[in-house]
Amino acid sequence: MFESVMPYRREAATLLSQQISSDSFPQAVLFAGSRYSGRLTLAMESARVLSCSNTGEANCACRSCIDFSWYAMDNVIAVGNRDHVTRIDAHLAEFLRLGTQESHKRLVRALRLMLLQYHGALLGSTESKNSSAFNAAASLDEFLLSSDDIDRPEGRKEYVRQLTDLLKPLQSSRSRSGALSIAQVRALQEWTMQTSFGRQNRFILLEGVEQSTEGARNSLLKMLEEPPAHTYLFLLSEQPSRLLATILSRVQRHHVAPYSEGEKNRLLADLFFIDGAEHPSVEEYFLSRAGIPCEKIRSLAKRYAQASGAREAIGREELDVMCTELDEPVRLGYFLSEFQCSVREMFLCGTLAESRAARLVSVAGEAEMKASVYNQSGRLMVETLHYRLLEES
């Protein structure tokens, strides 16, 4: 078990494998780590093994494992603040480039991962005006079941064109799936009580719980206090310190460290047949394949950090350029991550005092969380955060 992720996430995969083998795997688990660290991959592989009719080996051909290989299972629901659009765009580009069965499978898995937030059990938790998204999701899922001619380059291009058209209704509404709501938690509770699943294990994946509403967190706490039978709750978080202490006390925490240079290089070489050394991180690789100008955003983040550290107000024209460039959630998230990295580098180089560096990183993190919760525009956040950082002592 966990053979597919062992080369890149050996420590976490080994521990999870041991827990499942010894029948000591907990019902509530927190996978804590940065974006693109493999948190969700570990969670999904855990769900596959726990659902397997045999011993969970990678080449298992039981009905459940076959469904999991294409993410076509019906016993998993995943909701949260995941950036599906960028990942799908990257996989579309890779499928056109490689044209292999594995690149097609990765694309389908990325698409079906997004569709998990449109699980039928959640339909009653959405506003009527958003119910059309569930219809669009159903159309996309039906298309994925069709057998198109994708072996030839012309067939792949037509396949991608049709996929792109089907994705538009889902992508136009939001580039990230929304924060967990109290209505969704209640719908999930009802789903766990359904008897149609019998003794089949069910899995709930919640990403970015720290950015959810207070009501949602309180309702989730009730589920964690007494998890329903045959139900596993997997929480994925970039900022676990911002979770309620009562939630943290009821989950087993697995820290998923960033990929080492060797792990990153091997993953990119094994999956995408490229020289991993050409990309500083897995995240940068995916973003660049999706058309995000990572190098330019890193440059903006460094300039923003230098100005903040020196308490230098950025000129109106230059700030407007930054605001325009970063007015999308994905670009803004990458910018803030790179900003924090630049601040830490300034501290390590001795150009910024430890106390001020820590404060700048903390304020930027708080601003990012509030922007996500309240759906604040990137343009407004970049501007207001700049002036706030200038005032920090």
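**View 1. Helix 6 and helix 7 cross with a left-handed twist.** This is a predicted model, and here we zoom in on helix 6 and helix 7 (residues 153-171), whose axes come within 8 Å. The two axes cross at roughly 165 degrees. That is over the 145-degree cut-off, so helix 6 counts as roughly antiparallel to helix 7.

**View 2. Helix 13 and helix 17 make a right-handed crossing.** Which way do helix 13 and helix 17 run, roughly parallel or roughly antiparallel? Start with the geometry: the axes of helix 13 (residues 294-309) and helix 17 (residues 378-391) come within 8 Å, and they cross at roughly 30 degrees. Angles under 35 degrees count as roughly parallel, so that's the label for helix 13 against helix 17.

**View 3. F31 and F234 meet edge-to-face.** By the ring-pair rule, the model has 14 aromatic pairs, and here's one of them, with the ring centres of F31 and F234 5.7 Å apart. Why call the pair edge-to-face? Because the planes sit at 90 degrees, and anything over 60 gets that name. The pair also links distant parts of the chain: F31 belongs to strand 1 (residues 28-33), F234 to strand 4 (residues 231-237), and 203 residues separate the two. F31 has 0% relative accessibility, so it counts as buried. F234 is buried too, again at 0%.

**View 4. Y118 and F134 form another edge-to-face pair.** The ring centres of Y118 and F134 are 5.3 Å apart, and the planes are at 90 degrees. Where do the two partners come from? Y118 lies in the loop between helix 5 (101-115) and helix 6 (131-144), while F134 is in helix 6 itself, so the pair ties together parts that are 16 residues apart in sequence. As for solvent, both Y118 and F134 are buried.

**View 5. Five aromatic residues join up in a cluster: F25, F31, F203, Y232 and F234.** Ring pairs do the linking here. You've already met F31 and F234 as an edge-to-face pair; the other members are F25, F203 and Y232.

**View 6. Two arginines sit over aromatic rings: R9 over Y259 and R202 over W191.** For R9, the charged end is 4.2 Å from the centre of the Y259 ring. R202, in turn, lies over the face of W191, at 5.9 Å from the ring centre.

**View 7. F273 and R311 have positive phi values without being glycine.** Phi of F273 is near 55 degrees, and phi of R311 is near 55 degrees as well. You'll find F273 in the loop between helix 11 (261-272) and helix 12 (282-289), and R311 in the loop between helix 13 and helix 14 (316-325). Are these side chains exposed, partly exposed or buried? F273 has a relative accessible area of 57%, which means it is exposed. R311 comes in at 45%, so it counts as partly exposed.

**View 8. Confidence varies from helix to helix, with helix 2 at the top and helix 16 at the bottom.** For the protein chain, the mean pLDDT is 89, and 94% of the residues reach 70 or more. Helix 2 (residues 39-51) has a mean of 96, the highest, whereas helix 16 (residues 354-373) has the lowest, at 85. A word of caution for anyone zooming in: where pLDDT is low, the predicted coordinates shouldn't be read in detail.

Terms used
Residues numbered from 1 in each chain as written. Predicted model: local features only at pLDDT ≥ 70, side-chain atom pairs only at ≥ 80, totals over all residues. Heavy atoms only, no water. pLDDT = per-residue confidence, 0-100. Helix = DSSP H or I, 4+ residues; strand = E, 2+ residues; numbered from the N terminus. Phe/Tyr/Trp six-rings, centres within 6.5 Å; stacked < 30°, edge-to-face > 60°. Buried < 20%, exposed > 50% of the residue type's maximum accessible area, 1.4 Å probe, protein only. Lys NZ or Arg CZ within 6 Å of the ring centre and 35° of its normal. Axes fitted to C-alpha atoms, helices over the stretch in contact; angles between N-to-C directions. Parallel < 35°, antiparallel > 145°, perpendicular 65-115°, else oblique. Left-handed = near helix turned anticlockwise from the far one by under 90°.
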